[in-house]
Amino acid sequence: MRRPQRRGAAKKTRLQEADEIRLLDEWIEAAKPLSGTKPPPPSKSAGAGKAPPAARKHPEYSACTLFDELPLSQMTKDALRKNGFTEMSEIQRAALPHALCRRDILGAAKTGSGKTLAFVIPVIEKLYRERWGPEDGVGCIILSPTNDLAGQIFEVIKKVGEFHNFSGGVIVGRRKGIEMEKEHVNSLNILVCTPGRLVQHFNETANFDCSQLQILVLDEADQILDHGFKSQVDAIISQIPKVRQTLLFSATQTKSVKDLARVSLRDPEYISVHEEARTATPDTLEQYAMIVPLEQKLNMLWSFIKRHLNSKTIVFLSSVKQVKFVFEIFKKLRPGVPLKCMHGRMRHVVQQAIVADFNESTSVLFSTDLTSRGLDIKNVDWVVQVDCPESIDNYIHRVGRTARYNKKGKSLMFLCPEEEAMLEKLKATESKIPIHIRKPKAEQLEQISQNIASVLVKFPNLQQLGRRAFVTYLKSVYLQKDKKVFDLSKFSAEQFAAYAASLGLPVTPTIRFISHKKNVSKKDMVDLDKKQMKSSSKPEFIINPQVNSDLTMGDGDDDILYPKKPIADANMDDELDDVLRPKEPATDTNIEPEKIIELGKPLRKKKLKINVHRPVGTRVKYDDEGNAIPPLASVAEEVASEPVVHKDKSLFCPCF
Ligand SMILES: Nc1ncnc2c1ncn2[C@@H]1O[C@H](COP(=O)(O)OP(=O)(O)OP(=O)(O)O)[C@@H](O)[C@H]1O
């Protein structure tokens, strides 16, 4: 933001600004686009790519292609040029002329197409033309579903508003930060925040005042208006003026009149620049799906990473515990590429550091859906979805982390045979998602379950994490709304046992499913889970006999893909190995081997009762060095979960 000036110069500036604002208001009014209109394609718009004809006093701006052709303040134009923004994207071309006329906007455009600038520029220009100053308090609120995205939006505001004189801030984060925010929040002209944090200020910050609010923005609007934020958004709307400009943007925009009415939109311009597009995802995105049995997921993920060591990859998993577990295990197995993890249980400052680091490095980021929306991470080569997305929208946002702003990118989704209904949904015509099925080459599929099991023997604390990963994964599937795609009863007890073994677990954890209660509420599930966890460190998985007898072993296609026999017999298709194309080993092999010195007491051993669900003779046992030995059905020994004291805790991802 601009530095203070001497009195005389300041007066001169104020007069110049008053003049500029008057001219801008006249121009915007005189040449405003008709409501409901969209700009013609750039090639057809008059003067496309050239500076505005100086001759006409108020040149047309509804069809221009350059930021310089728009009725924007010079300070904004200078800031845009300084940051390399010259030509507008489709959504910016279509939305900005209407937004500058102070109209409400319901904007939809593909991921990575520049929606942020489409709302940041109107915010800055609106406050400038209203002569808003630091002493005027809160003039604009921008709501974001996550702290990271709020931080990213604020960075764009700082770039575009560099030469203006506004104050702004990101109010996010945990409980303790709010005290410091309370002293400043009223003096901020632009607030970028999550709904929960803003409600906290309405409830707790004395004289927190938004009565003069000029403009409200909802980024990822469909998620903000979703039931998850309902009470918070309703509370916010009740505290701010109804007469204001409102801008809603998303790649998967809601059209629910009910939802839109909640934010008191007034005759919004519905701007969906890709509605007629052939695909709902970026044209530069190559999308693949593979049918992967549950117990093969980690093997497939490991094989993929080993063959893409020079790629920047985001891996989506469905729960925090899975992210932590897979990150820790793969870190110990050292694939030859730096690994990072990201989830909502991390402090905001840690999340920011990881995103910043991931932006600058070629590495693999294991993440929950915290990073699935909005995050603009540079040059992601691959998005890998190990766990099935909960909806088409969730799929679109996840894969939208790559192939951003005309760059190329690839995505790969693992689907269990039992989840093939999701593939049908994605391939349905109305989804407009050009996804291709790929079959990996069998010989490139590395089996790492025994390696994982050895790591768990060496690091018993990871066993508990592995059990939690198993439990939270099944719970995440169980709680999904779409029962056509997510139906645990399609899996057999043997498959769950095999899945547990693929996580290196010597015993299949237990979750007591009350399968006769069809709709166990999330709260009951959590209570049950907590009770379960308290009662025994080793929860057991009990398949309800009724469910078990209904289960039919996968036959049909999946026998062609992955017969239950050892993988070598698999009748894998030779074609199209582009997904697991072999790569030369990464040049960046400065992966420090983890120096772990076990300083604790000698580990106690205790006997486990035989896990009835694992067929006799199939349990893997380990010697004291953690090496797997031929499975015996007699007794499995599990190393007690005493902590291994790590030589240098800093070796651990902060998330652990
Ligand atoms: N006019 C432009 N010229 C050049 N680069 C641009 C332009 N507009 C946006 N970008 C760049 O494109 C990238 C994606 O922009 P942005 O994050 O706003 O996309 P988005 O539509 O909000 O994506 P998502 O739907 O995932 O939130 C950013 O790196 C941004 O700097």
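The following conversation examines a predicted model, its two sheets, its ligand surroundings and two buried residues.

Student: Which strands make up the sheet that contains S1, and in what order?

Tutor: That open sheet has 7 strands, ordered S3-S4-S2-S5-S6-S1-S7, and the pairing is parallel.

Student: Which strands stand at its edges?

Tutor: Strand S3 (168-171) and strand S7 (269-272) do, and each has a single partner strand, so one side of each is left without a neighbour in the sheet. On average, neighbouring strands of this sheet are turned by 15 degrees against each other, direction ignored.

Student: How many bridges link S1 and S6?

Tutor: Strand S1 (residues 105-108) and strand S6 (residues 245-250) pair in the parallel sense over 4 bridges. Within that pairing, Leu106 has Leu248 in S6 as its bridge partner.

Student: Which strands does helix H3 touch?

Tutor: Helix H3 (residues 90-100) packs on the sheet and touches S1, S6 and S7. The direction of H3 makes about 170 degrees with that of S7.

Student: Where does UniProt place the Q motif?

Tutor: An unreviewed UniProt entry places this short sequence motif at residues 65-93. In the model, the span is 45% helix and 0% strand, and its end C-alpha atoms lie 6 Å apart.

Student: Turning to the ligand, how many residues surround it, and which are the closest?

Tutor: The ligand is surrounded by 21 residues, of which the closest are Lys115, Thr116, Asp376, Arg401 and Arg404.

Student: What lies 2.9 Å from a ligand nitrogen atom?

Tutor: A polar side-chain atom of Gln92 does. Another nitrogen contact involves Tyr405, where an N or O atom of the side chain is 3.2 Å from a nitrogen atom of the ligand. For Arg404, a polar side-chain atom lies 2.8 Å from an oxygen atom of the ligand.

Student: What is the strand order in the sheet that contains S8?

Tutor: This open sheet of 7 strands runs S10-S11-S9-S12-S13-S8-S14, with parallel pairing. Strand S10 (339-342) and strand S14 (435-437) are the edge strands, each pairing on one side only. Here neighbouring strands are turned by 20 degrees against each other on average, direction ignored.

Student: What is the bridge partner of Phe316 in S12?

Tutor: The partner is Gln385. The strands concerned, S9 (residues 313-316) and S12 (residues 382-385), pair in the parallel sense over 4 bridges.

Student: And which strands does H14 touch?

Tutor: Helix H14 (residues 392-399) packs on the sheet and touches strand S8 (285-291), S9, S12, strand S13 (409-415) and S14. Its direction makes about 145 degrees with that of S12. Helix H13 (residues 348-360) lies across S9, S10 and strand S11 (364-367), running at about 140 degrees to S10.

Student: Where is Pro389, and why does it count as buried?

Tutor: Pro389 is in the loop between S12 and H14. It counts as buried because its relative accessibility is 0%, and the cut-off is under 20%. Beyond four places in sequence, Pro389 touches Asn394, Tyr395, Arg398, Met413, Met422 and Phe486.

Student: Is Ser363 buried or exposed?

Tutor: Ser363 is buried, with 0% relative accessibility. This serine belongs to the loop between H13 and S11.

Student: Which side chain joins that of Ser363 in a polar contact?

Tutor: The side chain of Ser361 does, at 3.1 Å. Leaving aside neighbours within four places in sequence, the residues in contact with Ser363 include Ser311, Lys312, Thr313 and Phe358.

Note on methods
Residues are numbered from 1 along each chain as its sequence is written. This is a predicted model: local features need pLDDT of at least 70, side-chain atom pairs count only at pLDDT 80 or more; totals for chains, interfaces and linings use all residues. Side-chain values use heavy atoms; hydrogens and water are left out. UniProt positions are given in the numbering used here, feature names are shortened, and annotations may be inferred rather than shown by experiment. Helices (H or I, at least four residues) and strands (E, at least two) are DSSP runs, numbered from the N terminus. Two strands pair if DSSP finds at least two bridges between them. Axes are lines fitted to C-alpha atoms, for helices over the stretch in contact, and angles run from 0 to 180 degrees between N-to-C directions. Contact means heavy atoms within 4.5 Å. Buried means under 20% relative accessible area, exposed over 50%, partly exposed in between (1.4 Å probe, protein chains only). A residue is near a molecule or strand if one of its heavy atoms lies within 4 Å of it. A polar contact is a pair of N or O atoms within 3.5 Å; within protein, one must be able to donate a hydrogen and the other to accept it, and residues adjacent in sequence count only if both atoms are side-chain atoms.
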